[in-house]
Structures are given as C-alpha cells and as structure tokens.
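Trainee: Could you zoom in on a single chain for me and walk me through it, then tell me a bit about its partner? I'd like one connected account.

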Amino acid sequence: MKNLDEILIRAKKNAGSFFSKINYEKMNRTVLQKISDSRRPTLPSWSFHLRFRAASLLGLCVIMIAVILAYGISGKIRNSSSVSLGEPVSREMIELDNSEKSKWLYYFKFSKPDRVSNNLLAVIWEHGKSGNYELIYSSVFENSNKPCKSSVISFPDDQPPIFIISSLNDDEKYIHYRMLGFKGNKIFTLMEQNYVANGKLEVTEGVLKETRFVPTEDNKAAEIITYFIPYQLNETGDIIAPAEKLIINKGDHVVFVGYENTPIEVINNTLTWEKESSVMDMNENMVLYIADKAGEDYIYINPVSRGEPKKISVEIIDSTKPSD
Amino acid sequence: MDVKSSAGEEITLRTVKEEHICYLMQRYGKQVYRLAYYYVRDRYLAEDIYQEVFVRVFRNYDKFRQESSFYTWIYRITVNLCKDYLKSARYKRIITAGFINDDQRPRELNRLMEEAEGGSVFSTVMELPEKYRLPISLHYLDGLPVSEISRILKISESSVKVRLHRGRNKLRELLAKEGRV
C-alpha cells in the first residue's frame with residue numbers, strides 16, 4: 001500500500017511537470033479573440049442603427065442645448081439632484097482579499113460649479129452574494145483628468161495587501177494618491193497625498209517610492225524621494241511588514257505607515273525622527289525619518305502589546321561622495 | 001518632467017465582463033485545463049475545451065447570480081462540456097477512424113509524446129477508466145478533498161470514496177502488469 005502511495009506522489013510530480021508546459025497565455029489570447037469575434041456579426045445592422053441614432057441624437061442635442069441655455073441664462077440651474085455622473089472613464093478589477101466577492105475600482109469624471117475644471121471620483125464596488133454591487137469606498141481627486149492604474153503592496157503571512165490608487169493632471173503635472181488598507185470587509189485610508197508636483201510612484205521591494213519636486217528658496221526645485229513602509233499587526237499581535245531591507249540615499253525620507261503610537265527604534269541613529277513635514281501631508285498613523293548619515297542601520301517596529309517586532313535593515317549611501 | 005510609471009500609466013478601457021473573464025482565466029484556468037485533460041486525455045482537445053469553457057462563461061456571465069461560487073460554476077461548465085464532447089460525433093469519428101483504440105485509451109501518438117513529457121506513472125493513471133480516473137486524478141494529482149470532488153462530479157461523498165478505493169485497486173493491477181508494484 002505504501003508503495004502505491006509513493007507512486008501516486010511521483011504521479012503528482014509528473015503531472016505538475018506535464019501541465020507546467022501548457023501555454024495558458026496563448027489559450028487566454030484565443031479566448032479573448034473569440035469573444036471579440038463573436039461581436040462582429042452584429043455590425044451590419046449596427047451601422048443602420050448608428051445612422052438612425054446619430055440623427056436622433058443630433059436632434060436631441062439641439063433641443064437640450066436650447067433648454068440648457070434658456071435655463072442657464074435665467075439662472076435656474078441650481079438643483080443638481082437630477083445630474084448623473086454617467087459612465088465611468090475607467091474600470092479596473094482589484095483583489096483586496098481572498099474572498100470570492102469581486103471588487104471594481106471605477107473613476108467617474110465630474111465638474112465643479114464653474115464647469116471648467118475636471119475632477120475624478122474614485123469608487124470601489126463590491127459584487128455581493130445577492131448579485132448587487134455595493135459601494136464600499138469613494139474618494140474625490142480634485143482637478144485631475146486621468147485615472148492611473150492601481151499598485152499593490154503584497155504582505156507575507158496571508159495578510160491583506162495594501163492598495164495605492166492615484167490620478168494625474170497631465171497639464172499641471174501633479175498627482176493625487178491614496179494608500180488603502182483592508183480589514184474586516186472594510187476599506188480604510190492609511191494616508192493620502194494631494195497635488196504632488198511632478199509626482200511619480202513606484203512599488204519596489206515591498207515599499208512605495210514617491211518622487212516629488214518641492215520649491216526651494218532660490219526659486220528652483222528640489223527632488224525629494226520618500227519611501228513609505230506600511231506595516232500591519234497579525235492575529236497574534238506580531239508586526240508584519242512587506243520589506244526586509246531598504247537601500248536609500250542620504251537625504252531621502254522614510255515614512256512608516258501603520259498605527260498611532262507604535263514605538264519605532266533606530267539602532268545607529270543614521271535616520272533622524274521628524275515630528276512634522278514641510279513636504280507632505282502627515283497623519284497620526286505616519287512616522288517620518290530623514291536619512292542624515294551614510295551607513296548601515298536597523299529599524300525595529302515594536303508592537304504596543306504582546307507580539308514580535310519587525311526588524312528592517314537599512315543601508316544609507318552618500319551618493320555625493322566619490323566611490324573608491 | 002516625466003510623469004509616467006505606475007502613477008502615469010493610463011488604464012485602457014475594456015468591458016467589465018472582459019476584465020472579469022481575464023481574471024477568471026488567471027485564477028481558475030489551470031484547474032479547468034487539468035480537469036478537461038483528465039476527461040479527454042489529449043492536450044489539444046483539452047485546449048479546445050478550455051477555450052470553449054471561458055467563451056461560455058462570457059456568454060452566460062449575466063445569468064450567473066452567485067448562487068454558487070465562480071469556482072464551482074466554472075468547474076460545472078467544464079464537466080458538462082467534457083461529457084458533451086465525449087458523446088459528440090466528432091469524438092466518435094476520431095475513435096472509429098482508429099486514432100483512439102477504445103474509449104479507455106488516449107490517442108497512441110499523443111500518449112507516447114505525453115508519456116515522455118509527463119512521466120510513465122502519470123500515463124498509467126490516465127489509463128484508468130473514466131469512472132476511477134477522475135476521482136483519482138482530482139484527489140491525488142490535484143489534491144482536492146473528497147467533498148470538493150463530490151460537488152464537481154455531482155456524486156455523493158461516499159461514491160467518491162468507493163471510486164477512490166476501487167480506482168486504487170485498479171491502478172495497482174495496471175502497475176503490477178507493468179511490474180512496478
């Protein structure tokens with residue numbers, strides 16, 4: 001009997017090796033092609049309907065413009081309750097947890113009362129068991145015209161990931177973004193930054209790297225790089241962070257994002273704690289350090305009550321010094 | 001200043017359904033392919049079934065009301081398609097044309113090629129009759145519990161256990177013939 005079990009374990013390995021050679025990407029592309037092709041036969045009748053609809057729409061637009069002008073001039077457009085945001089400008093599926101419920105990030109465009117500036121409303125919908133979509137998060141991105149693809153920071157030990165959603169104003173060259181956590185079927189905002197000039201975001205080695213420009217006293221601009229390290233508590237109270245090691249330059253900022261009053265220790269004092277920031281928006285869950293000295297250091301994020309701390313090693317490089 | 005990267009990358013607009021199908025293929029595609037293969041024992045036929053499964057998922061997407069999980073729903077579509085395929089005229093033509101010797105054996109050429117790639121023990125498991133091949137493969141090769149197999153194959157848990165027991169005996173017989181146990 002044992003012999004057969006051993007053979008079945010070998011068969012499992014054989015199967016794994018056999019199925020690993022299957023080109024799933026190619027099959028997926030074929031499926032999408034078939035789906036796309038299945039829409040084509042409707043085109044001939046579509047073109048007739050299109051012409052008919054275009055004519056109808058044109059007529060409708062003329063009537064609507066006339067109505068809007070008439071009401072607008074007399075200042076009667078005050079009640080916005082009937083105004084609909086309409087179709088989203090982008091949609092993206094996101095996976096915040098391992099549940100079967102799918103979640104969608106939608107961005108809607110809307111105008112301010114001056115009807116000049118563009119704003120975006122980010123909404124996260126959850127497709128519930130009942131089949132209905134429920135709104136579980138929303139946030140406004142003021143003066144933004146482009147939604148950006150979300151980024152994910154994955155955590156070890158089955159902890160839920162952290163999401164970063166962002167938008168861009170490509171005329172003014174600034175971004176807004178939100179760092180979102182997920183716990184107990186609820187989404188919460190860990191931190192948010194707005195009007196980040198020449199902002200650039202990148203998730204690297206488990207941390208969020210933000211690059212921004214800030215004005216200097218001599219009317220020039222300085223580039224500031226900030227590394228955001230989110231952390232969470234697991235069920236036993238241990239601190240869980242997505243990064244083990246950080247290599248940064250002297251002058252870079254490091255921000256720990258997690259819980260209020262969490263003790264953070266820097267062993268060799270190469271990083272200096274700053275109570276406030278002149279560069280970014282801070283909240284009670286954020287702790288800011290600036291890399292003042294080159295060298296190696298260790299940071300311990302300690303839990304307030306029982307549980308294991310998280311150790312992160314940091315290497316600070318002085319890029320202004322010539323290397324040997 | 002370049003404002004690209006993750007923050008500057010614009011989202012391409014696809015339909016919600018298509019995005020979801022992509023996600024479902026990523027998440028369940030491998031299991032679907034394996035299940036189809038256990039039924040038809042031919043990688044090209046399994047590819048056809050895989051594609052047809054997700055095209056059907058797309059077509060019937062609006063009818064799905066989450067009474068079961070996507071996982072169970074997609075598995076059921078796969079099982080039904082495989083059964084339909086094995087009953088189909090196309091499959092029977094392949095058998096009568098001599099590509100498949102009988103309904104218990106995969107196409108010889110395919111089998112030889114796959115034996116080299118996947119190992120002879122796996123091929124012996126694939127030679128089991130369908131009744132035993134499916135529970136044995138899903139349990140021992142895919143690691144699914146009896147309860148899950150019962151849901152997928154729509155048979156009782158006790159039937160799954162009986163088939164696993166008899167399937168093991170049958171497998172032992174086949175392996176003994178080859179002098180491996």
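Mentor: One term up front: accessible areas here come from the Shrake-Rupley method with a 1.4 Å probe, and for residues only the protein chains shown count as cover. With that in hand, let's take chain B, which exposes about 8500 Å², 50% of it supplied by carbon and sulfur atoms. Keep in mind that this is a predicted model. For the complex, the predictor gives an ipTM of 0.78 and a pTM of 0.53.

Chain B has 10 helices and zero strands. Walking along the sequence, you read α-α-α-α-α-α-α-α-α-α. Of its 181 residues, 53% are buried. Take the contacts in chain B between residues at least 6 apart in sequence: 62% of them join residues at least 24 apart.

Now, how far does the predictor trust it? Chain B averages a pLDDT of 77, with 71% of the residues scoring at least 70. Helix by helix, the highest confidence in chain B sits in α8 (residues 130–141), at a mean of 94, and the lowest in α1 (residues 5–8), at 40. Two stretches deserve a flag. Over residues 1–13 of chain B, pLDDT stays under 50, and the model has 40 contacts for them beyond four places in sequence. Residues 94–107 of chain B also have a pLDDT below 50, and this stretch makes 24 contacts in the model beyond near neighbours in sequence.

For a closer look at one helix, try α4 (residues 70–87) of chain B. Its 18 residues should span 26 Å at 1.5 Å a residue, and its end C-alpha atoms are 26 Å apart, so expectation and model agree. Of those residues, 14 are buried, which means that α4(B) is largely enclosed by the rest of the structure.

Next, a single side chain: Gln51(B), which lies in helix α3 (residues 43–59) of chain B. Its relative accessible area is 8%, so Gln51(B) counts as buried, the cut-off being under 20%. What does Gln51(B) touch? Leaving aside residues up to four places away in sequence, Gln51(B) is in contact with Met27(A), Thr30(A), Val31(A) and Lys34(A).

That takes us over to chain A, where strand β16 (residues 253–257) is worth a stop. Five of its five residues are buried, so β16(A) is largely enclosed by the rest of the structure. Side chains in a regular strand alternate between the two faces of the sheet. Here, Val254(A) and Phe256(A) point one way, while His253(A), Val255(A) and Val257(A) point the other, and all are buried. Strand β12 (residues 221–230) of chain A runs parallel to β16(A), joined by five bridges, and Ile229(A) has Phe256(A) as its bridge partner. β16(A) also pairs with β19 (residues 286–291) of chain A, in the antiparallel sense and over five bridges; there, His253(A) is partnered by Ile290(A).

One last stop in chain A: strands β10 (residues 200–204) and β11 (residues 207–215) run antiparallel, with five bridges joining them. Lys200(A) finds its bridge partner in Thr211(A). Two residues lie between the strands of this hairpin, and Glu205(A) takes a positive phi near 50° there.

Terms used
Residues numbered from 1 in each chain as written. Chains lettered and ligands numbered in written order. Predicted model: local features only at pLDDT ≥ 70, side-chain atom pairs only at ≥ 80, totals over all residues. Heavy atoms only, no water. Pairing = 2+ DSSP bridges. Helix = DSSP H or I, 4+ residues; strand = E, 2+ residues; numbered from the N terminus. pLDDT = per-residue confidence, 0-100. Contact = heavy atoms within 4.5 Å. Buried < 20%, exposed > 50% of the residue type's maximum accessible area, 1.4 Å probe, protein only. Expected span 1.5 Å × (residues − 1).
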